[in-house]
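Colleague: Please pick one part of this model and go through it closely. I would like the annotated binding site, and how it sits in the pocket around it.

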Amino acid sequence: MRITVTGAAGQIGYALLFRIASGAMFGPNTPVSLRLLELPQALAAAEGVAMELDDCAFPLLRSIDITDDAAEAFDRSNVALLVGSRPRTAGMERADLLSANGAIFAPQGRAINDNAADDVRVLVVGNPANTNALIASAHAPDVPDARFTAMTRLDHNRAVARLAKATDSAVASISHLTIWGNHSSTQYPDLSHVLVDGDSIDVDREWLESDYIPAVANRGAAIIAARGSSSAASAANAAVDHMHDWVLGTAQDDWTSAAITSDGSYGVPAGLISSFPVTSTGGDWQIVEGLDIDEFSRARIDASVAELGEERAAVEALGLL
Ligand SMILES: NC(=O)C1=CN([C@@H]2O[C@H](COP(=O)(O)OP(=O)(O)OC[C@H]3O[C@@H](n4cnc5c(N)ncnc54)[C@H](O)[C@@H]3O)[C@@H](O)[C@H]2O)C=CC1
Ligand SMILES: O=C([O-])CC(=O)C(=O)O
């Protein structure tokens with residue numbers, strides 16, 4: 001498996017590369033070759049990470065290549081993990097952020113289009129993840145839209161863990177939870193179909209609205225406040241989970257959450273990259289269809305999807321689509 005990681009010398013890269021090389025992403029029987037794409041000024045740091053990877057003597061790790069050239073980095077890639085991005089800094093307007101990221105994700109989309117393997121699967125982690133994925137996909141016309149995804153698995157895992165605590169149950173006993181919409185504070189963690197140990201639960205509306213939903217949606221900010229920098233190990237873990245389930249399949253009798261290109265399901269405009277309840281079989285994500293969406297959920301989904309629509313309009317206006 002040829003795996004390209006962008007932003008490889010960053011915080012998430014440092015947590016992610018060792019998990020991939022150890023076999024956590026694709027299992028103990030799949031050798032991996034890593035390609036690290038970095039900015040010129042971070043190539044030396046990437047070399048240092050590669051030295052440490054060597055020093056782990058991972059049996060599955062076949063090679064490590066480091067480059068600042070996207071065409072080289074995505075050459076015959078089966079998996080592209082787009083982590084490096086331009087974070088929002090104080091005083092930056094959304095248009096500035098989207099434009100700075102357009103300058104990263106448009107060329108990377110083209111480089112994937114022109115160089116990656118036919119089966120390439122792309123996960124965008126760098127924020128704003130959904131819209132960065134949309135930009136990359138738009139610049140890769142020969143790669144099916146279904147191969148471009150954005151990460152909401154960290155939100156999903158956060159939501160599962162918080163519900164497990166709230167219900168005093170084991171993480172493994174929670175199933176059928178969904179993150180809808182954008183990987184932003186408008187995301188909607190939906191408990192309406194959740195089962196705990198196979199049983200549906202009564203959810204207190206006041207707790208849901210004033211505690212649970214805001215806590216999950218703002219967990220990234222809480223981690224930044226506590227740690228002084230953003231979630232890295234948990235983000236890397238979520239990327240491992242996302243790619244593992246996409247390629248090897250989701251657990252039976254459950255679903256997970258991933259941001260994938262909408263086919264119009266659940267009233268999400270076709271073409272937006274939005275989080276849905278999904279399963280994966282045969283290496284393809286499928287949206288779980290036919291769930292009842294009550295009025296409360298409808299309003300929350302619509303609000304997050306409206307934000308995605310605004311981001312799409314903004315990048316269209318910037319000529320990035
Ligand atoms: N979707 C999600 O759930 C989450 C997303 N994130 C996002 O992930 C991104 C990365 O986070 P960290 O690793 O903590 O940031 P970081 O700042 O530690 O590392 C980013 C790395 O990307 C590199 N980079 C920037 N532009 C690049 C380009 N054009 N090509 C290649 N490399 C490039 C930088 O040199 C840097 O080494 C951020 O946008 C962050 O907001 C973080 C946590 C969760
Ligand atoms: O909030 C941030 O900047 C990082 C992020 O995406 C998260 O932790 O969910």
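Modeller: A word on the annotation before using it: UniProt positions follow the numbering used here, and such annotations may be inferred rather than shown by experiment. The model itself is predicted.

Start with the record. An unreviewed UniProt entry gives a "binding site" made up of Gly7, Ala8, Ala9, Gly10, Gln11, Ile12, Gly13, Asn101, Gln108, Val125, Gly126 and Asn127. From this set, Gly7, Gly10, Gln11, Ile12, Gly13, Gln108, Val125, Gly126 and Asn127 appear in the lining of the largest pocket. The same kind of record, again unreviewed, assigns residues 1-141 to "domain: Lactate/malate dehydrogenase N-terminal". That stretch is 43% helix and 18% strand. Its end C-alpha atoms are 23 Å apart.

Now the pocket. Its volume is about 1,500 Å³. The lining has 49 residues, and Ser85, Pro87, Val125, Gly126 and Asn127 lie nearest the centre. By class, 20 lining residues are nonpolar, 19 polar and 10 charged. Five helices each supply at least two lining residues: H1 (11-22), H4 (94-115), H6 (153-166), H8 (219-227) and H10 (295-317). Helix H4 gives the most, with seven residues.

Two glycines from the annotated set deserve a closer look. Gly10 is in the loop between strand S1 (2-6) and helix H1. Its relative accessibility is 28%, so Gly10 counts as partly exposed. Gly126 is in the loop between strand S5 (121-124) and helix H5 (129-138). At 4% relative accessibility, Gly126 counts as buried; the cut-off for that class is under 20%. Beyond its neighbours within four places in sequence, Gly126 is in contact with Leu82, Val83, Ser85 and Asn132. Ser85, one of those partners, is also among the residues nearest the pocket centre.

Next, the annotated active site. UniProt places this feature at His183, also from an unreviewed entry. His183 is in the loop between strand S8 (178-180) and strand S9 (188-190). Outside its neighbours within four places in sequence, His183 contacts Asn127, Asn130, Met151, Thr152 and Asp155. Asn127 is a link back to the binding-site annotation, which includes it.

Then the domains. The assignment gives domain 1 (2-150) and domain 2 (153-311). Their contact takes 27 residues from domain 1 and 34 residues from domain 2. The C-alpha centres of the two domains lie 23 Å apart. The largest pocket draws at least three lining residues from each domain.

Finally, the second largest pocket, for context. Its volume is about 300 Å³. It has 16 lining residues, with Arg153, His156, Asn157, Asp254 and Trp255 nearest its centre. Seven of the lining residues are nonpolar, five polar and four charged. Helix H6 and helix H9 (233-248) each supply at least two of them. Helix H6 gives the most here, with five residues, and this helix also supplies at least two residues to the lining of the largest pocket.

Helix H9 also holds His242. With 0% relative accessibility, His242 counts as buried. Leaving out neighbours within four places in sequence, its contacts are Leu123, Thr149, Ala150, Arg153, Ala258 and Trp285. One of these, Arg153, is among the residues nearest the centre of the second largest pocket.

Technical notes:
Residues numbered from 1 in each chain as written. Chains lettered and ligands numbered in written order. Predicted model: local features only at pLDDT ≥ 70, side-chain atom pairs only at ≥ 80, totals over all residues. Heavy atoms only, no water. 1 Å grid on protein atoms, 1.4 Å probe; cavity = no way out; pocket = protein on both sides within 12 Å on 5 of 7 lines; lining within 4 Å. Points joined across faces, edges and corners; volume = space filled by probe spheres on them. Helix = DSSP H or I, 4+ residues; strand = E, 2+ residues; numbered from the N terminus. Nonpolar A, V, L, I, M, F, W, Y, C, P; charged D, E, K, R; others polar. Domains from an automatic or database assignment. Buried < 20%, exposed > 50% of the residue type's maximum accessible area, 1.4 Å probe, protein only. Contact = heavy atoms within 4.5 Å.
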